Amino acid sequence: MGRIYGTIASITKHQWVDDIANAGGKMYCFHYEATKEHVALIKNIHSKGMKAGVAISPATPSTAITDAIAQAADMLLVMTVEPGQGGQKFKHECMSKVRELRSRFPDKDIEVDGGVTPKNIDECAEAGSNVIVAGTAIFTAEDPADVISAFKKAINQANLRKAL
């Protein structure tokens, strides 16, 4: 079933871990490109009582996520825009990364972030994403609840089709 929750993505590997944990954060997601010590950072995040996510930017291949990283992380995030600015156009070519990660890690939460709209949510869900980040599509919608419902429906329907 699809879920909605907040995460923080950090390009500075350890910068906010303690602050987010102390503020009651449940998950800390960092960019793969920010460190060479991925598993150590994941262990540090877990030691603070949070789940850990690892994000890859559009230029980073999905194969950068090793088995060790994926096994340690709670979630893998495929950025479908360049990090740092809302309202960018969705990069369809990133869906191949989602498919590849889903094939290697069938039980892992795989998130997409960037440019996700009601027009491309089905593509995200069919590629294997079960967690969606959407900002602009929701906050600029005439009826944000309708957009959220459409996202949940797309993820849930894709999951049902895959289960059959």
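Setting aside neighbours within four places in sequence, threonine 60 touches Tyr32, Glu33 and Lys97. This residue lies in the loop between S3 and H3, and because its relative accessibility is 10%, under the 20% cut-off, threonine 60 counts as buried. Serine 103 makes a handy contrast. It is found in helix H4, and serine 103 counts as exposed because its relative accessible area is 57%, over the 50% mark. Between the C-alpha atoms of serine 103 and glutamate 37 there are 25 Å, with 66 residues separating the two along the chain.

All of this is read from a predicted model. Mean pLDDT for the chain comes to 88, with 91% of residues at 70 or more. The weak spot is residues 1-6, where pLDDT is below 50; even so, this stretch has 13 contacts in the model beyond near neighbours in sequence.

Turning to the strands, S2 spans residues 27-31, and five of its five residues are buried. Met27, Cys29 and His31 point one way from S2, while Tyr28 and Phe30 point the other way. That pattern is familiar, as side chains in a regular strand alternate between the two faces of the sheet. In S2, both sets of side chains belong to buried residues.

S2 and S3 run parallel and are joined by five bridges. Within this pairing, methionine 27 has lysine 51 of S3 as its bridge partner, and phenylalanine 30 stands opposite valine 54 in S3. S3 is itself mostly covered, with five of its six residues buried. On to the next pairing: four bridges join S3 to strand S4 (residues 75-79), again in a parallel arrangement. Here alanine 55 is partnered with leucine 77 in S4.

Helices connect these strands in a recurring way. S2, H2 and S3 form a right-handed β-α-β unit, and S3, H3 and S4 form a right-handed β-α-β unit as well.

Next comes the packing of the interior. In soluble globular proteins, nonpolar side chains tend to be buried together. The largest nonpolar core in this model holds 42 residues, and the members touching the most others are Val54, Ile65, Ile132 and Phe151. Helix H7 (residues 144-163) gives the most to this core, supplying five residues. A second core, separate from that one, is made of eight residues, among them Cys29, Ala55, Leu77 and Val81. The bridge partners alanine 55 and leucine 77 thus turn up again as members of the second core. Isoleucine 132, back in the largest core, has contacts with Val112, Val116, Ile121, Cys124, Phe151 and Ile155 once neighbours within four places in sequence are left aside.

Charged side chains tell another part of the story. Side chains of opposite charge can pair when their charged atoms come close. Across the whole structure, four salt bridges turn up. One of them pairs aspartate 18 with lysine 48, with 3.1 Å between the closest N and O atoms. This pair links distant parts of the chain, 30 residues apart: aspartate 18 sits in helix H1 (residues 17-22), and lysine 48 in the loop between helix H2 (38-47) and strand S3 (51-56). Aspartate 18 is partly exposed at a relative accessible area of 40%, and lysine 48 is partly exposed too, at 38%.

Another salt bridge brings together the side chains of arginine 104 and aspartate 67, at 3.9 Å from N to O. Distant parts of the chain are linked here as well, since arginine 104 belongs to helix H4 (residues 95-104) and aspartate 67 to helix H3 (residues 67-72), 37 residues apart. Both ends count as partly exposed, arginine 104 at 29% relative accessibility and aspartate 67 at 46%.

Lysine 91 and glutamate 82 also meet through their side chains in a salt bridge, at 3.3 Å from N to O. Lysine 91 is partly exposed, its relative accessible area being 24%, and glutamate 82 is partly exposed at 35%. Finally, salt bridges with shared partners tie Asp67, Glu100 and Arg104 into one network.

Notes
Residues numbered from 1 in each chain as written. Predicted model: local features only at pLDDT ≥ 70, side-chain atom pairs only at ≥ 80, totals over all residues. Heavy atoms only, no water. pLDDT = per-residue confidence, 0-100. Contact = heavy atoms within 4.5 Å. Core = buried A, V, L, I, M, F, W, Y, C linked by side-chain atoms within 4.5 Å. Buried < 20%, exposed > 50% of the residue type's maximum accessible area, 1.4 Å probe, protein only. Helix = DSSP H or I, 4+ residues; strand = E, 2+ residues; numbered from the N terminus. Pairing = 2+ DSSP bridges. Right-handed = clockwise from strand over helix to strand, strands pointing away.
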